[in-house]
Amino acid sequence: FNLQLWNNYFHLAVAFITQDSLQLENFSHAKYNKIQNKYGDMRCLIGFAIRDMWYKLGQNKICFIPGMVGPILEMTLIPEVELRKATIPIFFDMMLCEYQRTGEFKKFENEIILKLDHEVEGGRGDEHYMQLFESILTECAKQHPGISSLVGSFVSLVRGLLERLLDYRAVMSDESKDNRMSCTVNLL
């Protein structure tokens with residue numbers, strides 16, 4: 001097992017699907033349709049490959065926690081529903097790997113909270129992502145009763161943080177200083 005090789009693979013693949021020229025939702029409707037018809041959404045193809053390779057790592061997955069949390073988060077925040085549905089379960093698998101090794105998933109939790117703040121501040125994330133994140137992780141946790149309550153607490157924590165970060169991002173363009181201050185206090 002060559003850790004550096006796999007690390008390079010994952011980082012390159014995430015860099016590919018997050019590049020600006022592949023963010024189809026930023027294009028005009030005509031350009032979007034033309035690209036979709038000619039090439040399809042390459043982000044999904046690569047995202048599915050990342051997911052498949054992640055699950056093939058077996059016991060070596062722990063080597064990528066917390067290092068790959070940020071890149072995987074960046075990938076799951078792409079506003080493409082099928083890509084999100086396919087890749088958000090990687091988070092549960094990361095939690096499960098760390099839990100099986102240490103009895104908790106604090107490294108994962110700390111990293112995702114740190115990276116989520118950065119990504120939402122950068123304009124990524126939306127209400128739909130928050131709902132999908134919550135439903136997928138809750139569904140995954142039902143199959144593992146031993147970790148279910150911890151995952152539920154984690155999902156509640158992330159949902160609350162994401163709600164506040166999205167509110168904060170929304171009011172930053174607001175003229176009312178009171179609204180911005182109130183949102184800042186809530187976030188803190």
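A residue counts as buried here when its relative accessible area is under 20%. With that cut-off in hand, we can take a walk through this predicted model, starting with an arginine.

## R84 and its surroundings

R84 sits in helix α5, which covers residues 81-87. Its relative accessibility is 3%, so R84 counts as buried. What does the side chain of R84 reach at 3.2 Å? The partner is the backbone oxygen of T76. Setting aside neighbours within four places in sequence, R84 is in contact with T76, L77, I78, P79, P89, D126, H128, Y129, L132 and I136. One of these contacts, Y129, leads us on to the aromatic residues.

## Aromatic pairs

The structure holds 13 aromatic pairs. One of them joins Y129 and F133 in a tilted arrangement, with 5.9 Å from centre to centre and 35° between the planes. Why are Y129 and F133 separated by about one helical turn? They are four residues apart in helix α8 (residues 127-142), and that spacing is the reason. In general, an α-helix has 3.6 residues a turn, so residues three or four places apart point the same way. Both Y129 and F133 are buried.

F133 also pairs with F154: the ring centres are 6.2 Å apart and the planes meet at 55°, so this pair is tilted as well. F133 belongs to helix α8 and F154 to helix α9 (residues 145-171), so the pair ties together parts that are 21 residues apart in sequence. F133 and F154 are both buried.

Here are the two pairs side by side.

| Pair | Centre to centre | Angle between planes | Arrangement |
|---|---|---|---|
| Y129 and F133 | 5.9 Å | 35° | tilted |
| F133 and F154 | 6.2 Å | 55° | tilted |

Elsewhere, ring pairs link F1, W6, Y9, F10, W54 and F64 into a cluster. F64 is a handy member to look at. It lies in the loop between α3 and α4, and at 2% relative accessibility F64 counts as buried. Not counting residues up to four places away in sequence, F64 touches F1, L3, W6, N7, F10, W54, L57 and V69. The C-alpha atoms of F64 and W54 are separated by 9.7 Å, and these residues are ten apart along the chain.

The loop between α3 and α4 also holds P66. Is the peptide bond from I65 to P66 cis or trans? This bond is cis, with omega near 10°.

## The nonpolar core

The largest nonpolar core has 49 residues, and those touching the most other members are F91, M94, F108, L137 and F154. The elements that give two or more residues to this core are α1 (3-17), α3 (42-56), α4 (69-76), α6 (89-102), α7 (106-121), α8 and α9. Which element gives the most? That is α9, with nine residues.

F91 shows what such a core member is in contact with. Leaving out neighbours within four places in sequence, its contacts are V69, I72, L73, T76, F108, I112, Y129, F133 and L137. The list includes Y129 and F133, which form one of the tilted pairs described above.

## Less covered places

Helix α2 (residues 29-39) is hardly covered: among its eleven residues, the count of buried residues is one. Just after α2, G40 takes a positive phi of about 75°. The charged end of K31 sits over the ring of F27, at 4.4 Å from the ring centre.

Two other residues are partly exposed. T138 lies in helix α8 and has 35% relative accessibility, so T138 counts as partly exposed. A polar atom of the T138 side chain lies 2.6 Å from the backbone oxygen of E134. From C-alpha to C-alpha, T138 and I113 are 18 Å apart in space, with their positions 25 residues apart in sequence.

A49, in helix α3, is partly exposed with a relative accessible area of 27%. A49 and L150 are 101 residues apart in sequence and 29 Å apart in space, C-alpha to C-alpha.

## What the record lists

In an unreviewed entry, UniProt lists residues 1-136 as "domain: Dedicator of cytokinesis TPR repeats region". In the model, this span is 71% helix and 0% strand, and its end C-alpha atoms lie 30 Å apart.

Note on methods: Residues are numbered from 1 along each chain as its sequence is written. This is a predicted model: local features need pLDDT of at least 70, side-chain atom pairs count only at pLDDT 80 or more; totals for chains, interfaces and linings use all residues. Side-chain values use heavy atoms; hydrogens and water are left out. Rings of Phe, Tyr and Trp (its six-membered ring) pair if their centres lie within 6.5 Å; planes under 30 degrees apart count as stacked, over 60 as edge-to-face and the rest as tilted. Buried means under 20% relative accessible area, exposed over 50%, partly exposed in between (1.4 Å probe, protein chains only). A charge sits over a ring if NZ of Lys or CZ of Arg is within 6 Å of the ring centre and within 35 degrees of the ring normal. A nonpolar core is a set of buried Ala, Val, Leu, Ile, Met, Phe, Trp, Tyr and Cys residues joined through side-chain atoms within 4.5 Å. Contact means heavy atoms within 4.5 Å. A polar contact is a pair of N or O atoms within 3.5 Å; within protein, one must be able to donate a hydrogen and the other to accept it, and residues adjacent in sequence count only if both atoms are side-chain atoms. UniProt positions are given in the numbering used here, feature names are shortened, and annotations may be inferred rather than shown by experiment.
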